Amino acid sequence: MQSWVSDKLIIKGSKKHGLGIFSRIPLDSNELIIIFGGYVDTKPVEDGYFLQLKPGFYLNNSLTNPKDDLSNFLNHSCEPNTEIRDLICVYTSSAINEGDEITMDYFLNMDISKFPDFTCNCETPSCKFKK
């Protein structure tokens with residue numbers, strides 16, 4: 001099952017991440033903007049397109065080409081402007097201006113030491129990956 005992505009969002013070039021998801025119009029706080037699709041498994045897929053639902057359970061992308069799912073362009077930030085609720089729903093955590101990049105914290109409830117090869121490009125003051 002493919003993810004649902006609001007038509008208020010657009011994919012375009014990101015200064016920090018290559019490509020990313022951006023707001024086409026201003027977004028209100030608490031606005032549902034993405035519902036992740038995929039299949040549930042007890043281990044994550046190796047290509048990195050997964051969401052940990054609970055310890056030991058992962059929502060893996062089910063597409064042959066993960067780039068076909070627009071939600072896969074949702075980039076990480078240690079200071080995100082969205083939050084996940086109900087395991088698979090992405091909501092804005094504050095008002096977002098037109099043209100702002102939409103980000104989430106990939107590691108909110110995860111042990112980051114299990115991902116030593118992850119490169120964080122958020123450049124925020126509270127970056128968890130600063131060395």
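This report covers two pockets and one loop residue in a predicted model.

## Largest pocket

The largest pocket has a volume of about 1100 Å³. Its lining takes in 45 residues. Nearest the centre lie F50, L51, M104, D105 and Y106.

Four strands each give two or more residues to this lining: β6 (50–54), β7 (57–60), β8 (75–76) and β9 (82–85). The top contributor is β6, which gives the most, with 5 residues. By class, the lining of the largest pocket holds 23 nonpolar, 15 polar and 7 charged residues.

## Second largest pocket

The second largest pocket encloses about 190 Å³ of space. Here 13 residues form the lining. S14, K16, H17, E101 and T103 lie nearest the centre of this pocket.

Two strands, β2 (9–14) and β11 (101–104), each supply two or more residues to the lining of the second largest pocket. That lining divides into 2 nonpolar, 7 polar and 4 charged residues.

## P55 in the β6–β7 loop

P55 sits in the loop between β6 and β7. Both of these strands give two or more residues to the lining of the largest pocket. P55 counts as exposed because its relative accessibility is 70%, and the cut-off for exposed is over 50%.

P55 can also be placed relative to I25. The two are 30 residues apart in sequence. In space, P55 and I25 are 36 Å apart, C-alpha to C-alpha.

Technical notes
Residues are numbered from 1 along each chain as its sequence is written. This is a predicted model: local features need pLDDT of at least 70, side-chain atom pairs count only at pLDDT 80 or more; totals for chains, interfaces and linings use all residues. Side-chain values use heavy atoms; hydrogens and water are left out. On a 1 Å grid over the protein atoms alone, a cavity is a set of points where a 1.4 Å probe fits but cannot get out, and a pocket is an open set with protein on both sides within 12 Å along at least five of seven lines; lining residues have an atom within 4 Å of a point. Grid points are joined across faces, edges and corners, and a volume is the space filled by probe spheres set on the points. Ala, Val, Leu, Ile, Met, Phe, Trp, Tyr, Cys and Pro count as nonpolar, Asp, Glu, Lys and Arg as charged, and the others, Gly among them, as polar. Buried means under 20% relative accessible area, exposed over 50%, partly exposed in between (1.4 Å probe, protein chains only).
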